[in-house]
Amino acid sequence: MAAIIICVGAVAAPQAPGYVWDSVAIGGGGFVSAVIPSRSEAGVVYARTDVGGAYRWDKGAGRWMPLLDWLGDADTGLLGIDSLAVDPHNAGKVYLLAGIGYLQNGRTAILRSSDYGKTWAVTETTGQFKTHGNGMGRNNGERLAVDPGNGNVLYVGTRWNGLFKSTDAGASWRHMASLDVKSTPNGAGISFVLPDPASVKDGAVRRLYVGVSRYGSVGPNFYRSDDGGATFTPVQGAPAALMPQRAALDGAAGKLYITFANGAGPHPNDRQPEPMDRGQVWQYAIATGAWKDVTPAGFTAPFSGISVDAKNPRRLAVSTISTYLPQGDAKGDRLFVSNDAGNSWTDLIARGFEKDLQGASWMAGHGIHWASTFEFDPYDSKAAWVTSGNGVFRTADIDARPARWSFHVRGLEETVPLNAISVPGGPLVSALGDIDGFLHANPARYSPIHMPQMGTTFGLAVASARPGVMARVGKAMYLTTDGGSHWTQTRSLKGEQGQLALSSDGAVMLHAPRGSREVYRSSDSGTSWSVVRGLAGANLRPVADSVASGLFYAYDNGVMQVSTDSGVSFAPRARLAAGGSRVIRAAPGREGDIWVPLYGGGLARSTDAGASFAPLAGVTYCAAVGFGKAAPGADYPAVYIWGSVGGVRGIHRSLDGGTTWQRINDDANQFGGPGDGQFIVGDMNRFGVVYMSTAGRGIIYGLPAAGKGDPVL
């Protein structure tokens with residue numbers, strides 16, 4: 001049996017009292033790969049995401065509640081949820097198939113909760129099977145299923161290792177050799193496992209359906225078992241040129257509906273090739289084995305979401321996926337409803353479509369796309385949920401003309417933060433994957449997106465002595481002199497994305513394009529560029545001194561490179577431990593004061609412009625460091641780190657320049673660590689407020705209790 005760890009959010013070390021944690025309000029922003037309503041308890045709905053964990057809808061609070069914030073940075077990959085299953089007879093029992101192929105060597109686990117996701121048990125499965133919650137086919141499903149006849153029996157279809165079964169509620173698993181499928185060319189493996197409740201006998205299901213993510217020319221892609229999985233038989237008649245995506249049973253009527261596409265999805269994969277530009281919807285008669293094409297007339301698009309009304313077996317909902325057709329002010333997928341078992345369909349978008357942004361103004365011009373799941377509310381046939389590449393939408397009346405689709409993402413934050421700066425006298429400014437970034441005047445409220453938009457924004461810099469001057473870069477570069485109210489594109493650009501630095505007076509800008517071995521310098525607002533001498537290496541990250549306009553710094557794998565001529569040239573000045581973070585920090589208002597997080601090498605500080613460094617005593621690991629407003633009566637900015645002090649990993653704060661530290665988060669609030677952005681940033685205007693990047697949970701912020709810091713609102 002695999003080892004089990006019970007995670008209950010117990011506090012592991014002394015900490016500053018009274019911190020409250022939440023995500024900066026952005027509004028969705030990432031792919032919600034499935035939404036799954038409970039069929040045993042009204043109002044209980046779960047959602048899974050590809051990189052941001054799992055959520056439960058709290059009807060009373062009117063928001064999604066994150067379920068995996070207790071995961072630390074050793075478990076970041078478990079935020080990628082490849083499948084989610086709810087016990088059909090107990091809404092509080094929920095199971096997750098978790099892991100991301102490129103994180104922690106593909107570590108995979110089954111997470112199990114019996115209290116609606118408040119606490120979890122973890123079964124490590126890496127030695128038996130691995131998964132990839134951010135891989136192709138993450139929209140398929142569900143791969144994980146609970147036996148409707150016995151809540152202790154679960155099945156999981158894996159990507160590379162075949163079908164597995166558990167008889168102890170997911171605590172241990174054994175391979176089911178009866179299904180002769182291990183892997184598929186596209187790496188998606190088994191796309192769904194569906195037990196049939198109508199076949200329960202003697203306390204266990206007898207009939208199981210398994211979809212496999214491959215073309216019929218490669219091998220059978222739909223299997224059936226009528227003996228509880230003892231044997232499986234390939235089912236003939238499924239479209240050979242398409243792959244099964246998702247399936248739904250209609251109960252007593254005896255029909256199974258399956259959506260198909262020419263790829264695993266959610267988008268094309270040219271390496272297979274899987275263009276994701278064709279698909280169908282089919283009905284399968286369980287008793288006779290007869291197939292019937294019930295694809296909406298006139299549509300050849302790939303299909304994904306499929307749902308049957310719990311109160312009417314002839315009422316179906318189906319969605320396209322990876323289809324970009326007119327949809328209000330944007331383009332996206334089509335949603336269909338049938339009231340006659342698929343003989344005819346109503347195109348809900350063409351009939352009339354309204355989008356309610358619920359205050360998330362950045363969603364203007366963005367549609368419902370990658371609509372992997374489209375689910376009727378089991379307790380209200382008029383209500384329905386649909387997932388999207390940017391969040392979740394819900395309608396209270398699917399039959400309305402037009403139906404009004406609300407962006408239902410309050411509390412669900414799935415952006416990937418790549419940069420953030422707290423501007424003295426101004427807002428928190430962010431740079432994000434996919435959706436640019438924002439000016440956050442209040443972290444609890446939706447904020448305006450950077451305009452013009454350009455998608456993923458990597459680099460972000462502010463001139464410390466002129467905080468209204470900022471620069472950001474993605475596929476283009478923009479400058480502002482009024483704090484982000486207006487942005488102007490630079491006349492030229494040497495490479496895209498990467499990182500930026502602005503001299504303290506804003507006169508000089510350095511740009512290290514992503515993947516480039518050269519760093520470029522401009523002293524005319526990006527009109528022309530020259531190559532920086534002495535600084536050559538891929539993905540370097542220069543940083544400006546906060547006071548002296550002529551000083552820049554860059555950590556290059558153990559070497560501190562320093563420029564004293566306004567970025568024209570760099571020269572090595574000191575040696576540190578190799579393998580540290582490139583996200584070094586210059587202390588605000590302190591010339592020559594540089595802090596370098598060195599991961600297992602701890603935290604180092606220089607007060608002589610990088611000529612020498614001293615380790616910070618007690619910090620044995622440091623992945624990120626940042627500064628915020630000083631505590632009342634203190635003469636040095638508050639210092640925040642993600643690291644280990646006294647053997648305890650977490651967010652720590654120092655009010656005396658690093659002499660002493662207090663942990664300010666707890667084991668229930670770890671958020672997978674600082675993720676891709678590798679930043680932690682204190683608020684420069686409100687003492688005690690701190691922000692941290694994550695791998696897919698958006699920007700996290702902590703607020704001190706009343707009397708422990710400056711007010712936020």
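The following exercises, each with a worked solution, concern a predicted model of a protein.

**Exercise 1. Overall form**

Task: Determine whether the radius of gyration agrees with that of a compact globule, and describe the extent and burial of the protein.

Solution:
- Step 1. The chain length is needed for the comparison, and the protein has 713 residues.
- Step 2. For that number of residues, a compact globule would have a radius of gyration near 27 Å. The protein has 27 Å, so the value agrees with the expectation.
- Step 3. Along the principal axes, the C-alpha atoms fill a box of roughly 80 × 50 × 45 Å.
- Step 4. Of the 713 residues, 63% count as buried. The accessible surface comes to about 24200 Å², and carbon and sulfur atoms account for 50% of this surface.
- Step 5. The secondary structure consists of 1 helix and 59 strands.
- Step 6. Among contacts between residues at least 6 apart in sequence, 52% join residues at least 24 apart.

**Exercise 2. An open sheet**

Task: State in which order the 5 strands of the open sheet lie, and identify its edge strands.

Solution:
- Step 1. The order of the strands is S29-S33-S32-S31-S30, and their pairing is mixed.
- Step 2. An edge strand pairs on one side only; here this applies to strand S29 (353-356) and strand S30 (374-377).
- Step 3. From one strand to the next, the twist averages 25°.
- Step 4. Strand S29 is joined to strand S33 (residues 403-407) by 4 bridges, and the two run parallel. Within S33, Trp405 is the bridge partner of Lys355.
- Step 5. The loop between strand S32 (391-395) and S33 contains Pro402. The peptide bond from Arg401 to Pro402 is cis, with omega near 5°.

**Exercise 3. The two faces of a strand**

Task: Decide which side chains of strand S2 (residues 20-23) are buried, and find the residue that stands opposite Ser23.

Solution:
- Step 1. The general rule is that side chains in a regular strand alternate between the two faces of the sheet.
- Step 2. Strand S2 shows this alternation: Trp21 and Ser23 point to one face and are buried. Val20 and Asp22 point to the other face and are not buried.
- Step 3. Strand S2 is joined to S59 by 4 bridges, and these strands run antiparallel.
- Step 4. In S59, Ile700 stands opposite Ser23.

**Exercise 4. The surroundings of Thr694**

Task: Establish whether Thr694 is buried or exposed, and list what its side chain reaches.

Solution:
- Step 1. Thr694 lies in the loop between strand S58 (690-692) and strand S59 (700-703).
- Step 2. Its relative accessibility is 0%, and a residue under 20% is classed as buried; therefore Thr694 counts as buried.
- Step 3. The side chain of Thr694 reaches the backbone nitrogen of Gly696 at 3.3 Å. A polar atom of this side chain also lies 2.8 Å from the backbone oxygen of Gly698.
- Step 4. When neighbours within four places in sequence are left aside, the residues in contact with Thr694 include Thr415, Pro417, Phe671 and Ile700.

**Exercise 5. A residue within a strand**

Task: Locate Val122, classify it as buried or exposed, and state how far it is from Ile110 in space.

Solution:
- Step 1. Val122 belongs to strand S10 (residues 120-124).
- Step 2. The relative accessible area of Val122 is 5%, so this residue is buried.
- Step 3. Val122 and Ile110 are 12 residues apart in sequence, and their C-alpha atoms are 6.0 Å apart in space.

**Exercise 6. Backbone exceptions**

Task: Describe the backbone at Pro266, Ser322 and Asn539, with the location of each residue.

Solution:
- Step 1. As background, most residues other than glycine have a negative phi, and most peptide bonds are trans.
- Step 2. The peptide bond from Gly265 to Pro266 is cis, with omega near 5°. Pro266 lies in the loop between strand S20 (255-261) and strand S21 (279-285).
- Step 3. Ser322 is not a glycine, yet its phi is positive, at about 60°. This residue is placed in the loop between strand S24 (316-320) and strand S25 (325-327). At 13% relative accessibility, Ser322 counts as buried.
- Step 4. Asn539, likewise a residue other than glycine, has a positive phi near 60°. Asn539 is found in the loop between strand S44 (530-536) and strand S45 (543-544). With a relative accessible area of 38%, Asn539 is partly exposed.

Key
Residues are numbered from 1 along each chain as its sequence is written. This is a predicted model: local features need pLDDT of at least 70, side-chain atom pairs count only at pLDDT 80 or more; totals for chains, interfaces and linings use all residues. Side-chain values use heavy atoms; hydrogens and water are left out. Two strands pair if DSSP finds at least two bridges between them. Axes are lines fitted to C-alpha atoms, for helices over the stretch in contact, and angles run from 0 to 180 degrees between N-to-C directions. The radius of gyration is taken over C-alpha atoms; the globule rule is 2.2 Å times the number of residues to the power 0.38. Buried means under 20% relative accessible area, exposed over 50%, partly exposed in between (1.4 Å probe, protein chains only). Contact means heavy atoms within 4.5 Å. Accessible areas come from the Shrake-Rupley method with a 1.4 Å probe; for residues, only the protein chains shown count as cover. A polar contact is a pair of N or O atoms within 3.5 Å; within protein, one must be able to donate a hydrogen and the other to accept it, and residues adjacent in sequence count only if both atoms are side-chain atoms.
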